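This report describes selected local features of one protein model. The sequence and the coordinates are shown first, and the description follows.

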Amino acid sequence: MTTVHIIGGGLAGSEAAWQCLRAGLEVKLYEMRPVKMTAAHQTGDLAELVCSNSLKSTLPDSAPGLLKAEMEELDSLIIRAAKVASVPAGMALAVERTAFSKGVLEALSEFPKFERVDMEITGLPSPEELEKSGDVWIVASGPLTSDALAEALQKMAPEGRRLHFYDAIAPVLEMDSVDTSIAFKQSRYDESGDGDYWNLPLNKEEYYAFVDAVIEAEKMPLHEFEDVKYFEACLPIEVMIERGRETLRFGPMKPVGLTDPRTGRWPYAAVQLRLENKQESMVSMVGFQTKMKWPEQKRVFQMIPGLKDVEFFRFGSVHRNTYLKSPDVLSSDLSFKASPRIFLAGQISGVEGYTESSALGLLAGRAAAAKALGQEFIMPPKETMIGALKDYVTEGGLGDFQPMNTNLGLLPTVPKRRNVSKMERKAEQARLARETFAQYQGINLKKISTYETQADDRV
Ligand SMILES: Cc1cc2nc3c(=O)[nH]c(=O)nc-3n(C[C@H](O)[C@H](O)[C@H](O)COP(=O)(O)OP(=O)(O)OC[C@H]3O[C@@H](n4cnc5c(N)ncnc54)[C@H](O)[C@@H]3O)c2cc1C
């Protein structure tokens with residue numbers, strides 16, 4: 001019996017396991033946690049979300065909304081489990097993380113051919129061994145791949161083909177310790193008063209005092225400082241402030257569309273808190289990734305109105321991420337050129353984000369299953385959102401190869417036309433992607449599910 005061996009029980013590995021099990025294959029999923037932890041994970045759970053609990057926008061014409069709709073059509077376990085474990089988050093799909101991980105484990109465990117193995121994998125079989133056994137492997141070990149496995153991968157991705165950057169985590173707070181006589185509940189531009197986010201308003205003096213305090217606060221020292229590359233969509237607030245004292249007001253502290261009921265006006269700046277669980281006992285600080293030392297985080301964040309007595313469930317932090325220069329080392333089906341029965345999936349392949357990593361897990365899972373079964377697998381075309389993301393990974397974009405979020409810029413552009421707004425052109429891009437996907441699936445366009453709700457970005 002052909003076995004699919006998957007390294008890493010994160011988002012990509014769990015999704016890939018599901019796709020292979022659904023194809024009738026035997027799956028061994030190797031996860032090193034809790035035996036050996038990473039610098040960011042906190043549990044031994046499958047599909048643990050290491051930072052934000054949001055899988056981003058559900059708007060049908062947004063890139064994350066399109067990607068999720070396509071994944072749902074491709075029978076994604078991650079999207080299914082996220083919907084079951086969802087918590088209110090305006091127009092984003094956010095989840096209660098423990099319930100989400102439990103849902104993923106339960107779904108996989110229903111298959112008798114599924115086995116979770118708690119161990120670190122430190123090496124990979126040779127192409128000859130794999131040819132003989134007929135097995136296939138999927139490497140989905142994520143941005144925090146253990147050193148030993150990274151060494152093994154290095155052999156398949158020679159010098160200069162392995163890169164890294166830095167990613168950061170935002171703090172999680174105890175909701176009971178937030179002063180709700182100051183914090184007000186509202187989703188952006190929604191005046192109904194029953195919005196999903198808690199907002200902490202700052203006036204001009206409070207905003208600049210806060211910015212100064214962040215500048216002066218002690219930060220965590222990072223190794224290899226000379227070559228620190230951050231992921232643009234997840235910059236620590238300190239790095240944003242280095243770009244200008246106003247940057248936060250146009251980023252995570254943007255006040256537009258948030259009316260403070262005490263003044264009837266938009267504040268000068270605002271911090272948003274997003275629910276982390278259904279009991280509403282935990283909230284995360286939206287977009288507040290930080291590398292300040294923990295006591296400094298407590299001191300500086302307590303300056304924000306409404307957080308004077310705040311208690312932290314988890315402090316923010318910064319971690320190193322590793323990914324391969326995939327266009328140089330992978331074939332178009334996500335298998336290694338140097339070893340065609342080994343596939344690469346998830347963030348390590350050069351995407352960035354929970355949904356994106358899951359999407360690449362889904363495709364690698366399907367491609368690996370096809371290879372194990374001796375069947376052909378056709379990747380979704382690059383005019384679809386998931387196909388465009390995969391195409392970026394295996395073909396590369398212009399310039400340096402950098403981890404990529406899903407975005408409409410990956411899709412073919414719609415030419416500028418007189419009297420056609422940017423918004424309308426984006427909607428057309430999304431419509432064309434939906435049509436192409438429907439053709440790929442051979443399904444009725446109407447069947448491609450759409451999400452009812454709103455926009456949210458990485459934060
Ligand atoms: C600090 C940080 C913060 C982030 N914040 C966000 C965010 O807010 N929003 C967002 O969308 N994305 C965020 N990301 C990106 C996010 O981690 C990834 O997009 C996603 O989790 C990657 O999924 P994955 O399955 O590729 O990797 P992971 O989910 O990390 O899964 C990989 C798994 O492999 C295991 N593993 C590693 N090496 C071995 C080995 N040798 N043997 C066995 N098991 C192994 C690990 O323990 C892990 O469970 C963040 C990443 C980091 C590092």
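## Basis of the description

Helices (H or I, at least four residues) and strands (E, at least two) are DSSP runs, numbered from the N terminus. The model is predicted: local features need pLDDT of at least 70, side-chain atom pairs count only at pLDDT 80 or more, and totals for chains, interfaces and linings use all residues. Residues are numbered from 1 along each chain as its sequence is written, and side-chain values use heavy atoms, with hydrogens and water left out.

## Backbone features in loops

Most residues other than glycine have a negative phi, and most peptide bonds are trans. Pro34 is found in the loop between strand 2 and strand 3, and the peptide bond leading to Pro34 from Arg33 is cis, with omega near 0°.

Asp75, in the loop between helix 2 and helix 3 (77–84), has a positive phi near 65° although the residue is not glycine. Asp75 counts as buried because its relative accessibility is 18% (buried means under 20% relative accessible area, exposed over 50%, partly exposed in between, with a 1.4 Å probe and protein chains only). Asn419 also has a positive phi, near 65°, and is likewise a residue other than glycine. The loop that holds Asn419 runs between helix 12 (385–395) and helix 13. With a relative accessible area of 77%, Asn419 is exposed.

## Helices 11 and 12

Thr355 belongs to helix 11 and is buried, at 4% relative accessibility. Leaving aside residues up to four places away in sequence, Thr355 touches Leu55, Leu67, Lys68, Met71 and Ile79 (contact means heavy atoms within 4.5 Å).

In helix 12, nine of the eleven residues are buried, and the helix is thus mostly covered. Among the buried residues are Met385, Ile386, Lys390 and Tyr392. The partners against which the buried residues of helix 12 pack are helix 2, helix 10 (326–329) and helix 11. At the start of helix 12, a side-chain oxygen of Thr384 comes within 3.0 Å of the backbone nitrogen of Gly387. Gly396, just after this helix, adopts a positive phi of about 85°.

## Helix 13

The expected span of a helix is 1.5 Å times one less than its number of residues. For the 20 residues of helix 13 (residues 422–441) this gives 28 Å, and the end C-alpha atoms are 29 Å apart, which agrees. Its buried residues include Arg425, Glu428, Arg434 and Phe437, and helix 2 (63–73) is included in what covers the buried residues of helix 13. Gly442 follows helix 13 and has a positive phi, near 65°.

## Internal cavities

Rolling a probe the size of a water molecule over the atoms shows where empty space is left. On a 1 Å grid over the protein atoms alone, a cavity is a set of points where a 1.4 Å probe fits but cannot get out; lining residues have an atom within 4 Å of a point. Grid points are joined across faces, edges and corners, and a volume is the space filled by probe spheres set on the points. A search of the whole structure finds two cavities of 30 Å³ or more, and the largest has a volume of about 690 Å³.

The lining of the largest cavity comprises 46 residues, and those nearest its centre are His41, Val50, Gly142, Pro143 and Leu144. Elements that each supply at least two lining residues include helix 1 (11–22), strand 8 (162–169) and helix 11 (354–373).

Conventions:
On a 1 Å grid over the protein atoms alone, a cavity is a set of points where a 1.4 Å probe fits but cannot get out, and a pocket is an open set with protein on both sides within 12 Å along at least five of seven lines; lining residues have an atom within 4 Å of a point. A polar contact is a pair of N or O atoms within 3.5 Å; within protein, one must be able to donate a hydrogen and the other to accept it, and residues adjacent in sequence count only if both atoms are side-chain atoms.
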